[in-house]
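Here is a briefing on pockets, ligand contacts and backbone details. Read it with the structure open.

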Amino acid sequence: MNQATVIDGVAVSNKLRHEVSTRAAELLNKGVVPGLAVVLVGDDPASAVYVRNKVKACEQHGLRSTLDRLPAETTEGDLLNRIAELNADATVHGILVQLPLPKHIDSHKVIEAISAEKDVDGFHVANAGALMTGSARFKPCTPYGVMKLLEAYNIPVSGKQAVVIGRSNIVGKPMALLLLEAGATVTICHSKTADLAAHTRNADIVVAAVGKRKVLTGAMVKPGATVIDVGMNKTDEGKLCGDIDFPSVVEVAGYATPVPGGVGPMTITMLLVNTLESAELFAAQNEK
Ligand code: NAP
C-alpha cells in the first residue's frame with residue numbers, strides 16, 4: 001500500500017530559523033537588531049496564543065519584539081495613531097497587527113496605514129500588487145512557507161498542474177500567485193466551484209486552505225501528487241486538524257503535510273525571515 005512521504009514542517013522550519021539566528025547575529029555586528037512590533041487589540045484567546053508564539057520565536061532567534069496589547073474598546077483612531085508611531089520608529093523593521101480586529105475597526109484601513117516597507121505580513125495593497133507583478137518585497141508568510149516546503153523536498157513546480165482550494169487574500173490568492181510565478185499552471189477553487197474533485201484529480205500539487213475538515217479525501221487525489229494542508233480546524237474531541245482527510249490522502253499522495261507539524265510552524269518562521277530581511281535592507285540603506 002502506498003504511503004506518502006510526510007513533509008516535516010518542524011524540521012524545515014528549524015533549519016530556516018537557524019539561518020535567521022545566524023543572519024541576525026551578523027546584523028548585530030553592524031549595530032542593528034531586527035525589530036518586530038506586534039499589535040493585538042482585544043482578548044480573543046486564539047489571537048493571544050498566536051501573538052505569544054510570534055513574540056517568543058523572535059526572542060529565540062535574535063530578533064527584538066514588542067507587544068502592544070490594546071483593549072477591545074480601542075478606537076480606530078487610537079490604533080491608527082499607534083501605527084503611525086511604529087512607522088516612524090527606526091528600531092522597528094516589521095509591524096504586525098493581529099487579525100481579526102474588533103468589528104468597530106476597519107481592518108483594511110489599518111493594514112493600509114502600516115508602512116509598506118514594514119508590512120512583514122505582506123497584506124498591504126502595495127505589497128499585494130508587487131506580488132502580483134512578480135516583484136514582492138514581502139511575501140505573505142503562510143504561502144511563502146508552503147513554497148519553502150516544496151523547495152526543501154525538491155518537489156518540482158514548474159510545468160506542473162496546481163490546484164489551490166480557497167481564495168482568501170491572506171492564503172489562497174497569494175498562494176496561487178506564488179505557484180504561478182514558479183511556473184505552475186494554477187487553478188483556484190472555492191465554495192462556488194461546481195466539481196472540486198474534477199480539478200483536484202488532475203493536480204500534481206494541491207494546496208487546501210479552506211478551514212473545513214475533510215474537504216479533500218484520498219479519492220480526490222491523483223496518485224503521487226503533493227498535498228499541502230493549510231487548514232486549522234478542530235476535531236470533535238477538540239484536537240487540531242487540517243482540511244484534508246489525512247489517512248486516506250497518504251494512501252494515494254506522493255507527499256503530504258500533517259496538521260499539526262506541517263505548514264503551521266512555517267508561518268511564524270517566514271515572519272521571522274521577512275522581519276530579518278526588512279532589517280537587512282534597512283542596514284544596507286544606512287551603510288550607503
Ligand atoms: P477564509 O478567508 O475563510 O477562506 C476560506 C476559503 O475556502 C474561501 O475562499 C472559501 O470560498 C473556500 N471554501 C469554503 N468552503 C469550501 C468548499 N467546500 N470547497 C472549496 N472551497 C471552499 O480562510 P483563510 O484565512 O484563507 O484560511 C483558510 C484555513 O487556513 C483556515 O483553517 C485557517 O485557520 C488556516 N490558516 C492556517 C495558517 C497556518 O499558519 N497554518 C495560516 C492562515 C490560515 P469562498 O471565497 O467562495 O467563500
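The largest pocket of this predicted model has a volume of about 1200 Å³. Both domain 1 (31–115) and domain 2 (140–264) give residues to its lining, so the largest pocket lies between them. The second largest pocket holds about 320 Å³ of space. A ligand is also present, and 18 residues surround it.

**Largest pocket**

- The lining of the largest pocket counts 44 residues.
- Nearest the centre of this pocket are Tyr50, Thr142, Met232, Gly264 and Thr267.
- Five elements each supply at least two lining residues: helix H1 (9–29), helix H2 (45–60), strand S4 (94–97), helix H6 (141–152) and helix H10 (264–287).
- Helix H2 gives the most to this lining, with 6 residues.
- Sorted by class, the lining of the largest pocket has 26 nonpolar, 13 polar and 5 charged residues.

**Ligand site**

- Which residues are closest to the ligand? They are Arg167, Ser168, Ser191, Met232 and Thr267.
- Met232 is among the residues closest to the ligand, and Met232 is also among those nearest the centre of the largest pocket.
- Thr267 likewise appears among the residues closest to the ligand and among those nearest the centre of the largest pocket.
- The side chain of Ser168 places an N or O atom 2.5 Å from an oxygen atom of the ligand.
- The side chain of Thr267 has an N or O atom 2.7 Å from an oxygen atom of the ligand.
- At Val230 the contact uses the backbone: a polar backbone atom is 3.4 Å from a nitrogen atom of the ligand.
- The protein buries 70% of the 930 Å² that the ligand exposes when taken alone.
- The shell around the ligand divides into 6 nonpolar, 10 polar and 2 charged residues.

**Second largest pocket**

- The second largest pocket is lined by 15 residues.
- Gly122, Phe123, Ala128, Asn169 and Ile170 lie nearest the centre of this pocket.
- Helix H4 (107–113), helix H5 (125–132) and helix H7 (172–181) each give two or more residues to its lining.
- Helix H5 provides the largest share of this lining, 4 residues.
- The lining of the second largest pocket has 10 nonpolar, 3 polar and 2 charged residues by class.
- Domain 1 (31–115) and domain 2 (140–264) each contribute at least three residues to the lining of the second largest pocket.

**Domains**

- The protein is divided into domain 1, spanning 31–115, and domain 2, spanning 140–264.
- How far apart do the C-alpha centres of domain 1 and domain 2 lie? The separation is 29 Å.

**Enclosed space**

- A general point comes first: rolling a probe the size of a water molecule over the atoms shows where empty space is left.
- The structure has 1 cavity of 30 Å³ or more.
- The volume of the largest cavity is about 50 Å³.
- Leu96, Val97, Leu99, Ile111, Ile114, Asp119, Asp121 and Phe123 line the largest cavity.
- By class, that lining has 6 nonpolar and 2 charged residues, with no polar residues.
- Phe123 lines the largest cavity, and Phe123 is one of the residues nearest the centre of the second largest pocket.

**Backbone details**

- Where is the cis peptide bond that involves Pro100? This bond runs from Leu99 to Pro100, with omega near 0°.
- Pro100 sits in the loop between strand S4 and helix H4.
- Leu99, the residue before that bond, also takes part in lining the largest cavity.
- A cis peptide bond also joins Val259 and Pro260, where omega is about 0°.
- Pro260 belongs to the loop between strand S11 (255–256) and helix H10.
- Asn154 is a residue other than glycine with a positive phi, near 50°.
- Asn154 is placed in the loop between helix H6 and strand S5 (161–165).

Terms used: Residues are numbered from 1 along each chain as its sequence is written. This is a predicted model: local features need pLDDT of at least 70, side-chain atom pairs count only at pLDDT 80 or more; totals for chains, interfaces and linings use all residues. Side-chain values use heavy atoms; hydrogens and water are left out. On a 1 Å grid over the protein atoms alone, a cavity is a set of points where a 1.4 Å probe fits but cannot get out, and a pocket is an open set with protein on both sides within 12 Å along at least five of seven lines; lining residues have an atom within 4 Å of a point. Grid points are joined across faces, edges and corners, and a volume is the space filled by probe spheres set on the points. Ala, Val, Leu, Ile, Met, Phe, Trp, Tyr, Cys and Pro count as nonpolar, Asp, Glu, Lys and Arg as charged, and the others, Gly among them, as polar. Domain bounds come from an automatic or database domain assignment. A residue is near a molecule or strand if one of its heavy atoms lies within 4 Å of it. A polar contact is a pair of N or O atoms within 3.5 Å; within protein, one must be able to donate a hydrogen and the other to accept it, and residues adjacent in sequence count only if both atoms are side-chain atoms. Accessible areas come from the Shrake-Rupley method with a 1.4 Å probe; for residues, only the protein chains shown count as cover.
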